[in-house]
Amino acid sequence: MNWGIAMTERKFDPVDLDHLFARVREHPAQPSADLMKRVLTDAYDAQAAVTPVTAPQLPGAPWLLQVFRELGGWPSMAGLTTAALVGVWLGISPPDGLVATADSFFGTDDDAYLIDVAPEATFEIAEGFLQ
Amino acid sequence: MPLDAMTDVSDEALLVLFANGDQMAARALTLRFTPKVMAHAYRLLGNHAEAEDVTQESMLRLWKIAPDWRQGEAKISTWLYRVVANLCTDRLRRKPGLALDAVPEPEDNAPGVTERIQDHTREVALQKALNQLPERQRQAVVLRHIEGLTNPEIAAIMEISTEAVESLTARGKRTLAAKLAGQRNELGYSDD
């Protein structure tokens, strides 16, 4: 027998709260069109504040600036500068073994004299026509 | 193209896109969350103009935190509900006598007007009763019974245990029932 439970619920909830909640749920407060516009404007403003914007070109040197940007800006410049400095340093003070290794690839000064640029002259030298 | 053409994209993914400057994501997030935030703010405040201000401020906070949002830590909706509750609490403390909206009644010559006037009267009475609840009880009742969230979700929003949520909603509902009981006849409830 559940009379007791029914009476207790009736006393606790004399109005139909669940029905009221359901009604309210079906009719939520709607944002106005103006509010939606303001929220979206705020969103765009926030994006503009954090998204890097393209810097205006400097007058007089647009092509240089363009090349600079095409190469990747300052990060790339740092890499290129480092590479250039290492090249200069290797030229001034090459480490041991570097010259020998380079010679094996590109040859030495002596090798240049051994190149026979006019093979037909060999006979003329042999016969004394050329000194 | 519809404004929210990103219905398949998750909230968090949208926020990442937003932080990267995607304007479509900005529109999608605005459409997805502004109505929810507005509805919740209105139920906590009972005042349309104040609720709109809270909504704009809550969404602004979302835009500002987007670049630093830590993925997987909290749902965006949970975070927003928390922000709305804090902002509403601040406003109610600053303006304790915040006036409830005077909601226009349905026109007399509309069909089914008796039922709609009665529904309207009940809705206004519920909002008045809600506004008389202590803040935490009101928040718990609105989240549970109007927003339809689960107790664990509410616990995450309010940063309390689920047992505490159950206690708050039970007490809140009991207080609401007691406050509305005196208006039983005016609200059209009979003894049958």
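Helices here are DSSP runs of H or I of at least four residues, and strands are runs of E of at least two, both numbered from the N terminus. By that rule chain A has 8 helices and 0 strands. The model shown in every view is predicted.

**Figure 1. Overview of chain A, a chain of helices without strands.** From the N terminus on, the elements read α-α-α-α-α-α-α-α. Chain A has 131 residues, of which 16% count as buried.

**Figure 2. Helix α2 of chain A and its buried residues.** The helix spans residues 17-26, and its buried residues are A:Leu17, A:Leu20, A:Phe21, A:Arg23 and A:Val24. Viewed down the axis of α2(A), these buried residues fall within an arc of 160 degrees, so they line one face of the helix. An α-helix has 3.6 residues a turn, so residues three or four places apart point the same way.

**Figure 3. The interface of chain A and chain B.** Chain A and chain B bury about 3,400 Å² between them, and 66% of this area is on carbon and sulfur atoms. Chain A contributes 32 residues to the contact and chain B contributes 42 residues. Across the interface there are 11 residue pairs in polar contact, both residues being at pLDDT 80 or more. On the side of chain A that touches chain B, the elements giving two or more residues are α1 (3-12), α2 and α3 (33-50) of chain A. Of these, α3(A) gives the most, with 11 residues. Sorted by class, that side of chain A has 18 nonpolar, 6 polar and 8 charged residues.

**Figure 4. The salt bridge of B:Lys173 and A:Asp18.** Across the interface of chain A and chain B there are 2 salt bridges. In this view the side chains of B:Lys173 and A:Asp18 meet at 3.2 Å, N to O. B:Lys173 lies in helix α8 (residues 162-181) of chain B and A:Asp18 in helix α2 of chain A, so the pair joins two chains. B:Lys173 has a relative accessible area of 15% and is buried, because buried means under 20%. A:Asp18, at 44% relative accessibility, counts as partly exposed.

**Figure 5. B:Glu52 and B:Gln56 at the contact with chain A.** B:Glu52 forms a salt bridge with A:Arg38, and their closest N and O atoms are 3.3 Å apart. B:Gln56 lies in helix α3 of chain B and counts as buried at 18% relative accessibility. Leaving out residues up to four places away in sequence, B:Gln56 touches A:Leu35, A:Arg38, A:Val39 and A:Asp42. A:Arg38 is thus named both as the salt-bridge partner of B:Glu52 and among the residues that B:Gln56 touches.

**Figure 6. The salt bridge of B:Glu57 and B:Arg61 within a helix.** The side chains of B:Glu57 and B:Arg61 meet at 3.1 Å, N to O. Both residues lie in helix α3 (residues 48-65) of chain B, 4 residues apart, about one turn of the helix. B:Glu57 counts as partly exposed at 30% relative accessibility, and B:Arg61 is partly exposed with a relative accessible area of 38%. Elsewhere, salt bridges that share partners join A:Asp34, A:Arg38 and B:Glu52 into one network.

**Figure 7. The salt bridge of B:Arg32 and B:Asp11.** The structure holds 13 salt bridges over all chains. In the one shown here, the closest N and O atoms of B:Arg32 and B:Asp11 are 2.7 Å apart. B:Arg32 lies in helix α2 (residues 23-45) of chain B and B:Asp11 in helix α1 (residues 11-19) of chain B, so the pair ties together parts that are 21 residues apart in sequence. B:Arg32 counts as buried at 18% relative accessibility, whereas B:Asp11 is partly exposed with a relative accessible area of 27%.

**Figure 8. The surroundings of B:Ile157 in helix α7 of chain B.** Helix α7 of chain B, which holds B:Ile157, covers residues 151-158. B:Ile157 counts as buried at 2% relative accessibility. Apart from neighbours within four places in sequence, B:Ile157 is in contact with B:Thr78, B:Tyr81, B:Arg82, B:Gln139, B:Leu143 and B:Leu149. The C-alpha atoms of B:Ile157 and B:Lys75 are separated by 9.7 Å, the two residues being 82 residues apart along the chain.

Note on methods: Residues are numbered from 1 along each chain as its sequence is written. Chains are lettered from A and ligands numbered from 1 in the order in which they are written. This is a predicted model: local features need pLDDT of at least 70, side-chain atom pairs count only at pLDDT 80 or more; totals for chains, interfaces and linings use all residues. Side-chain values use heavy atoms; hydrogens and water are left out. Buried means under 20% relative accessible area, exposed over 50%, partly exposed in between (1.4 Å probe, protein chains only). The arc is that of the directions from the helix axis to the C-beta atoms. Contact means heavy atoms within 4.5 Å. Buried area is the accessible area (1.4 Å probe) that two parts lose on being put together, summed over both. A salt bridge is a side-chain nitrogen of Lys or Arg within 4 Å of a carboxyl oxygen of Asp or Glu. A polar contact is a pair of N or O atoms within 3.5 Å; within protein, one must be able to donate a hydrogen and the other to accept it, and residues adjacent in sequence count only if both atoms are side-chain atoms. Ala, Val, Leu, Ile, Met, Phe, Trp, Tyr, Cys and Pro count as nonpolar, Asp, Glu, Lys and Arg as charged, and the others, Gly among them, as polar.
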